[in-house]
Amino acid sequence: MKPIVLSAVVAALLHITPVVVLVKRTDAVTRLLPGADAFAAREVHLSEADAHRLHETVDWSPEDGVLTFYIGRRGGAVVGTLEFQRVDTPHGPIEVAVGFGQDGAIRGVEVTKATAETRHWVQETLAAGLTSHYQGLKAGDPPGAAAHIRARVGALPFYMAEQVDKAVVRALAVYRLFYR
Amino acid sequence: MLYDLQRADVRVKWLVTCLLATFGVAYAFGAWMVALYAGFTPHSVARTYATPEMTMPMPPERTMVTERDVRLKDFAEETPHTVDRELLVQDTHVHLPMYGVIAAALSAVVLGLTVSQRTGLALITLLFAAPWLDFAGMWLTKLVAPGFAVVTLVGGWAMGLGYTIVAGVALWQMWGPPAKGVHA
């Protein structure tokens, strides 16, 4: 009886949205910072003014006020930079890894996390080639990858593609404004 | 009262049984999910819901940059599942109405139980108070202090207790030995 009661009781927290790992972070790092053998986390602690500036630019700023760039190096030379961007949706959060090359252009984008509910929608967008449309974008370029696949996916996958667009917009703005 | 589960048609009893069984399975999986993503202790719940700013210093006057070395394997380390304010707004918006519907369905079962009016009122109050406590705990943990995580746990226990009492009494009264004056 006790396990049954316990199971029923703790069910109170049903609302928590289960996160599903689509790509391991280590795999995303390896793909987006190819050849790197040393890594550094550069943390930018935003002043109130800069947090406000970022918010004005992309209608978002990190809740803890800290932006993190992961920098990959090989033999001391920078091979690229990576950001993990999280976007919350009514169906749970997604996490998107955005990798930049030395030239400041996007090298690649990986959706690393989704939820049990959104996983299939996200996978449909990936199968439609969503992330290939981000390659080469630089700060100031509008992503608009979702629009490219609109005709090939359903309404909910398209919605998720827009969320990935949003993550890339944030990553581009953060890179432009705060990566030194 | 006309609606009495002890005397109800077998189809009504079966409907209520199926409803309770479905909720029971959902609650069991909910428990599993809680174990995976939030845990059952005040500390783990606080870690999930408390806002990092509460332990962070004020924003610096000027933006500051620090850098530290990380290893590839550091990327693989599990970060605790956290729910920030935006996600909690969405969770509250999406899930509180559903909790209300579940509480209402269980309350409808309570109305068919042979219990005193006071007991019925107490059970219905418990069923609706539990989700309120649950979400109030989350918001207080986020906005006031991590110690309020215990309110969420109390809400969770209250929800499970309400379900267990309602399901136990209902199943007993519907399918147990007939009470005096009730013909099976």
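Me: In what order do the seven strands of the open sheet come?
Reply: Quick heads-up: this is a predicted model, so to speak of local features takes pLDDT of at least 70, side-chain atom pairs count only at pLDDT 80 or more, and totals for chains, interfaces and linings use all residues. Residues are numbered from 1 along each chain as its sequence is written, chains are lettered from A and ligands numbered from 1 in the order in which they are written, and side-chain values use heavy atoms, leaving out hydrogens and water. Helices (H or I, at least four residues) and strands (E, at least two) are DSSP runs numbered from the N terminus, and two strands pair if DSSP finds at least two bridges between them. With antiparallel pairing, the order is 1(A)-6(A)-5(A)-4(A)-3(A)-2(A)-1(B).

Me: Which are the edge strands?
Reply: Look for strands that pair on one side only. Those are strand 1 (19-21) of chain A and strand 1 of chain B.

Me: Over how many bridges do strand 2 of chain A and strand 1 of chain B pair?
Reply: Strands of a sheet pair through backbone hydrogen bonds, either parallel or antiparallel. Here the sense is antiparallel, with residues 64-70 of chain B as the partner strand. One spot to find is His45(A), which stands opposite Met64(B). The pairing of these two strands runs over seven bridges.

Me: And over how many bridges do strand 2 and strand 3 of chain A pair?
Reply: Try Ala40(A), whose bridge partner in strand 3 of chain A is Ile71(A). The two strands are antiparallel, and they pair over eight bridges.

Me: Which strands of chain A does helix 6 touch?
Reply: Helix 6 covers residues 155-178 and packs on the sheet. Its direction makes about 135 degrees with strand 4 of chain A, where axes are lines fitted to C-alpha atoms (for helices over the stretch in contact) and angles run from 0 to 180 degrees between N-to-C directions. Contact here means heavy atoms within 4.5 Å. The strands touched are strand 2, strand 3, strand 4, strand 5 and strand 6 of chain A.

Me: How much area is buried between chain A and chain B?
Reply: 45 residues of chain A are in contact with 57 residues of chain B. Buried area is the accessible area (1.4 Å probe) that two parts lose on being put together, summed over both. Carbon and sulfur atoms give 63% of an area of about 4400 Å².

Me: How many salt bridges are there between chain A and chain B?
Reply: A salt bridge is a side-chain nitrogen of Lys or Arg within 4 Å of a carboxyl oxygen of Asp or Glu. Glu43(A) and Arg68(B) meet in one, at 3.0 Å from N to O. The whole structure has 12 over all chains, while the count between chain A and chain B is three.

Me: Which element supplies the largest share of the side of chain A that touches chain B?
Reply: Several elements each supply at least two residues, among them helix 1 (2-10), helix 3 (48-58) and strand 5 (92-100). The largest share is seven residues, and it comes from strand 2 of chain A.

Me: Which residue forms a salt bridge with Arg74(A)?
Reply: Arg74(A) sits in strand 3 of chain A, and its partner is 37 residues away, in the loop between helix 2 and strand 2. The closest N and O atoms are 4.0 Å apart, and the partner is Asp37(A).
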